[in-house]
Amino acid sequence: MNNLWQYRVRNVFSVTIICLSFLIVGIFLSLSNNLQYTAQQISKNMVIVFFLKKDLSEKDRNTIGEKLKKSSEVIKTQFISSEQALGKFLEKFPELQGIVNNLKINPFPPSFETTLKEKILSSDETQSFIQSMQNMKGIDDVQFNKDWVERMQSLSRLAKAVGFFLGGILILASFFIISNVIKLSVFARKDEIGILRLVGATNTFIRIPFLLDGIIMGILGGMLSLFVLFLVIKLFPLYLGSSLGALNELINFRYLSLSQSISLIGAGAVIGFLGSFSSLAQFLKV
Amino acid sequence: MIELYHIWKQYQKPQWALSDITFRAERGDFCFITGPSGSGKTTLLKIIFREIFPTQGQIVINRRNILRVPDHKIYSLRRTMGIVFQDFRLLFHKRVFDNIAIVLQVLGIARKDIRRRVFNALRMVNLHHKMWEYPAHLSYGEQQRVAIARAVVNSPKIILADEPTGNLDPELAFEIMSLFKEINKKGATVIICTHDRELIRHFGHKIFFLYKGKLLRKETL
Ligand SMILES: Nc1ncnc2c1ncn2[C@@H]1O[C@H](COP(=O)(O)OP(=O)(O)O)[C@@H](O)[C@H]1O
Ligand SMILES: [Mg+2]
């Protein structure tokens, strides 16, 4: 511990490097968490929209409606007329009122909005149900959010992978930095280590203070990175303001889970331990 | 028992710091190694506590070939030894007390016992009043006595002392030798390098004469 204070400048340097490395991992982890969360939210409300042909007769429309209601896959189904669709759109994007008014015609087709049973979107039954509906007369197009779910999930995986890759490289770098920083303080005390060995100290006895230094540096770096990550997550939306609009929801960072935070700090401790362990080896001879 | 078999040591070609040294110190022996400066006394001691390796030869201490002990286990050999280094090797950023206590700390001895034993060891070398000083504030002779106290504090089975009285006045040197002799009487093997003939004449039991790295003769008085 004396050491930590004695060599504070270079220790602050190495803690900063560890912190930055973990910050990179943390940012990508948080991004990945958010995508994962969004994907989950979407798949909870499995809504399929069946768009109908504009000139569909009332009879054909009722046939489709009946079939949807009877299906065992469906929880709820609701008819949305062209006018209702337009109304919904204007509710969401009131600033586009002028453009829509200029269009003269209503561009929104009538549709059935159908909520399916949870999490069965990719199942065979659901697939064949959608298939059979698609072949029905009067249905123009089917839109459902399976693609979105999958896209989110793969983006989430990508973010995690990038995070671990970049983070891995940086963590390797911080391992070498800790190792070298500790090596400097070991070197400054190599006479003392030699004397300790000559009076019968075990290697473990000699190592412990240095290992503690390394572990403390690693933990400090890890904790600091969590704190900075917290600030980034809090301040990032403020900085961007509302300019992102709907995208805001997607880039909205989600803080790390407790187990992720603990793992990050734990990884810091492990790196500190290994870094200082490796730096001592050459001084424990003869 | 310390046995050396055909020990050769070369630091740089072509000189040999030690050539073909064979000797044996029995348990409870009180040995002197003497010889002019540069004759290889320090080298011989360093080989015995395995700070350096001989170029050739074998050393057996208590039936253990110490050249085969791996680095991470050598502490068990060192714990049986009390060593007074020619250059003292004190920790200058630590107080006298801590310099001596370290020998007991590495053994995991309780703090209270450490205090008592360090005090006793310092009293034996008549330096207990300097317990809380830093070595840098002590004279050479006093530093040497700290080194001696550190070597005897754990009542070791083997004492290796490299010119332990080199900086002491004759009376004090005599006292220190008596201290070693006392420990020797309790069963410890003692090997002392010195060129103080007066001391050898008075305390000598087994004497080894070194000259230019060769063992010239052994005398048992
Ligand atoms: N580390 C070393 N490197 C090279 N030569 C050394 C080293 N240590 C001692 N020597 C040489 O080995 C010889 C014996 O030295 P030493 O054992 O210190 O003798 P003594 O203790 O009897 O004065 C001397 O010639 C010395 O110069
Ligand atoms: Mg010498």
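This is a viewer tour of a predicted model with chains A and B, centred on helix 3 of chain B.

**Stop 1: chain B as a whole**

Select chain B and show it as a cartoon. Chain B has seven helices and ten strands. Its C-alpha trace spans about 45 × 40 × 35 Å along the principal axes. The radius of gyration of chain B is 17 Å, which agrees with the value near 17 Å for a compact globule of 221 residues. Colour by burial next. Of the 221 residues in chain B, 43% are buried. Now draw contacts with a sequence separation of 6 or more. In chain B, 66% of these join residues 24 or more positions apart.

**Stop 2: chain A**

Switch to chain A. Here the secondary structure comes to eleven helices and four strands. Chain A has 286 residues, and 29% of them count as buried. Take the contacts in chain A between residues at least 6 apart in sequence: 89% join residues at least 24 apart.

**Stop 3: where the chains touch**

Show both chains. Twelve residues of chain B and 13 residues of chain A form the contact. Which elements of chain B give two or more residues to the side that touches chain A? Select 75–78 and 96–105 in chain B: they are helix 2 and helix 3. Colour that side of chain B by residue class. There are six nonpolar, one polar and five charged residues.

**Stop 4: helix 3 of chain B**

Keep helix 3 of chain B selected and hide the rest. This helix is mostly covered, with seven of its ten residues buried. Pick out the buried ones: B:Val96, B:Asn99, B:Ile100, B:Ala101, B:Ile102, B:Val103 and B:Leu104. What do these buried residues pack against? Bring back helix 4 and helix 5 of chain B, along with helix 8 (190–198) of chain A; the buried residues of helix 3 of chain B pack against these elements.

A reminder before looking at the two neighbours in chain B. An α-helix has 3.6 residues a turn, so residues three or four places apart point the same way.

**Stop 5: helix 3 against helix 5**

Add residues 140–152 of chain B, which form helix 5. The axes of helix 3 and helix 5 of chain B are 8 Å apart, at an angle of about 25 degrees. Angles under 35 degrees count as roughly parallel, so helix 3 of chain B is roughly parallel to helix 5 of chain B. The crossing of these two helices of chain B is right-handed. Show side chains at the contact. Helix 3 of chain B supplies B:Val96, B:Asn99, B:Ile100 and B:Val103, and helix 5 of chain B supplies B:Val146, B:Ala149 and B:Arg150. By class, this contact between helix 3 and helix 5 of chain B has five nonpolar, one polar and one charged residues.

**Stop 6: helix 3 against helix 4**

Swap helix 5 for helix 4, residues 111–124 of chain B. Helix 3 and helix 4 of chain B pack at about 125 degrees, with axes 9 Å apart. That angle makes helix 3 of chain B oblique to helix 4 of chain B. Helix 3 of chain B passes helix 4 of chain B in a right-handed crossing. From helix 3 of chain B, select B:Phe97, B:Ile100, B:Ala101, B:Leu104 and B:Gln105. They meet B:Ile114, B:Arg117, B:Val118, B:Ala121 and B:Leu122 of helix 4 of chain B. The classes here, for helix 3 with helix 4 of chain B, are eight nonpolar, one polar and one charged.

**Stop 7: backbone points in the loops**

Most residues other than glycine have a negative phi, and most peptide bonds are trans. Check three places against that.

- Zoom to B:Pro14, in the loop between strand 1 (2–9) and strand 2 (18–25) of chain B. The peptide bond from B:Lys13 to B:Pro14 is cis, with omega near 5 degrees.
- Go to B:Asn62, in the loop between strand 4 (56–61) and strand 5 (64–65) of chain B. Phi of B:Asn62 is positive, near 50 degrees. B:Asn62 has 14 other C-beta atoms within 10 Å, so it is partly exposed.
- Move to B:Arg89, in the loop between strand 6 (81–84) and helix 3 of chain B. Phi of B:Arg89 is positive too, near 55 degrees. With 17 other C-beta atoms within 10 Å, B:Arg89 is partly exposed.

**Stop 8: B:His205**

Finish at B:His205, in the loop between helix 7 (197–203) and strand 9 (206–211) of chain B. B:His205 counts as partly exposed because it has 16 C-beta neighbours inside 10 Å. Then draw a distance from B:His205 to B:Gln56. Their C-alpha atoms are 28 Å apart in space, and the two are 149 residues apart in sequence.

Technical notes. Residues are numbered from 1 along each chain as its sequence is written. Chains are lettered from A and ligands numbered from 1 in the order in which they are written. This is a predicted model: local features need pLDDT of at least 70, side-chain atom pairs count only at pLDDT 80 or more; totals for chains, interfaces and linings use all residues. The radius of gyration is taken over C-alpha atoms; the globule rule is 2.2 Å times the number of residues to the power 0.38. A residue is buried if 20 or more other C-beta atoms lie within 10 Å of its own, exposed if 12 or fewer, and partly exposed in between; C-beta atoms are placed from the backbone. Two residues are in contact if their C-beta atoms, placed from the backbone, lie within 7 Å. Ala, Val, Leu, Ile, Met, Phe, Trp, Tyr, Cys and Pro count as nonpolar, Asp, Glu, Lys and Arg as charged, and the others, Gly among them, as polar. Axes are lines fitted to C-alpha atoms, for helices over the stretch in contact, and angles run from 0 to 180 degrees between N-to-C directions. Angles under 35 degrees count as roughly parallel, over 145 as roughly antiparallel, 65 to 115 as roughly perpendicular and the rest as oblique. A crossing is left-handed if the near helix is turned anticlockwise from the far one by less than a right angle, and right-handed if clockwise.
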